[in-house]
Amino acid sequence: REPAPYCARCVSPPDPCVKCRGECQKPEKTCTMEHSVYLAIFSPGLVKVGVSRTSRLETRLMEQGADMGLEIARFPDGELARKRERSLASTYPDRVTFDNKVKTISQVVNGETLQGLYRRYDAERVLRFSYFKEKPAMDPIVLEPHANMAISGRVLGIKGQVMVIEK
């Protein structure tokens, strides 16, 4: 409906875990499964810090479109992991914009950035991702989808929220 385009579930307050920064806001803590603190690396040298349940780490990095991920710590619960993430927030952002991800999509990870991270952290796991059958020839042109829009071409791959089509 035009006057109220969102359902009650979408406008309700978010789960406190979404906003967690290491101080549990729930009456009873529910994040008692193992969590990982990671550094997501986006080409060429953009690095962001984040937290994920350890069992979802690879999926979480791929959802974001990271080119690489370093699992730098594991904690028995999400609250402790968020505290570690917060301590790294002055060094690394905890968000990367869509525009920053797209404008570097055809680049590769900078070796100096990677070596610096390896020297600084003893990574539990190093994850590398390849999203394209072949490297895009240029940075993509972003199209905003709209009603009745048709797009054709050969799909090169999907990286996070971006589907790259060769036209």
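Which residues make a nonpolar surface patch of about 440 Å²? In this predicted model, the patch is formed by Met138, Ile141, Leu143 and Ile151. One of these residues, Leu143, sits in the loop that runs between strand S4 (125–128) and strand S5 (154–159).

**Helix H3 and its buried face**

Helix H3 covers residues 57–64, and its buried residues are Leu57, Leu61 and Gln64. Viewed down the axis of H3, these buried residues fall within an arc of 65°, so they line one face of the helix. The elements against which the buried residues of H3 pack are strand S1 (35–42), strand S2 (46–53), strand S3 (68–75), helix H5 (98–103) and strand S4. After H3 comes Gly65, which has a positive phi, near 80°.

**Tyr38 and Gln64**

Tyr38 belongs to strand S1. Is Tyr38 buried or exposed? Its relative accessible area is 1%, and the cut-off for buried is under 20%, so Tyr38 counts as buried.

With neighbours within four places in sequence left aside, the contacts of Tyr38 include Lys48, Val49, Gly50, Val51 and Ser52. Leu57, Arg60, Leu61 and Gln64 are also among the contacts of Tyr38, and Leu57, Leu61 and Gln64 are buried residues of H3. Leu70, Glu71 and Ile72 are in contact with Tyr38 as well. The C-alpha atom of Tyr38 is separated by 9.3 Å from that of Arg125, a residue 87 places away along the chain.

What joins the side chains of Tyr38 and Gln64? The link is a polar contact of 2.6 Å. Gln64 lies in helix H3, while Tyr38 is in strand S1. Gln64 has a relative accessibility of 7% and therefore counts as buried. Apart from neighbours within four places in sequence, Gln64 is in contact with Tyr38, Ala40, Phe42, Lys48, Lys101 and Gly160.

**Salt bridges**

How many salt bridges does the count come to? The count is 10 salt bridges. Three of the pairs are listed below with the distance between their closest N and O atoms.

| Salt bridge | Closest N and O atoms |
|---|---|
| Arg82 and Glu85 | 2.8 Å |
| Arg95 and Asp94 | 3.2 Å |
| Arg154 and Glu166 | 2.7 Å |

Arg82 and Glu85 are both in helix H4 (residues 78–88); because they are 3 residues apart there, about one helical turn separates them. Both residues of this pair are buried.

In the second pair, Arg95 is exposed, with a relative accessible area of 59%. Its partner Asp94 is partly exposed, at 27%.

The pair of Arg154 and Glu166 links distant parts of the chain: Arg154 is in strand S5 and Glu166 is in strand S6 (residues 162–166), and the two are 12 residues apart. Arg154 has a relative accessibility of 38% and counts as partly exposed. Glu166 is also partly exposed, with a relative accessibility of 38%.

Which residues are joined into one network by salt bridges that share partners? They are Glu34, Glu71, Arg74 and Arg125. Of these, Glu71 is in contact with Tyr38, and the C-alpha atom of Arg125 is separated from that of Tyr38 by 9.3 Å.

Technical notes:
Residues numbered from 1 in each chain as written. Predicted model: local features only at pLDDT ≥ 70, side-chain atom pairs only at ≥ 80, totals over all residues. Heavy atoms only, no water. Patch = residues over 30% accessible without salt bridge, like charges linked within 9 Å, V, L, I, M, F, W, Y side chains within 5 Å. Areas by Shrake-Rupley, 256 points an atom, 1.4 Å probe, with all protein chains shown as cover. Salt bridge = Lys/Arg side-chain N within 4 Å of Asp/Glu carboxyl O. Helix = DSSP H or I, 4+ residues; strand = E, 2+ residues; numbered from the N terminus. Buried < 20%, exposed > 50% of the residue type's maximum accessible area, 1.4 Å probe, protein only. Arc of directions from axis to C-beta. Contact = heavy atoms within 4.5 Å. Polar contact = N/O pair within 3.5 Å; in protein donor to acceptor, adjacent residues only side chain to side chain.
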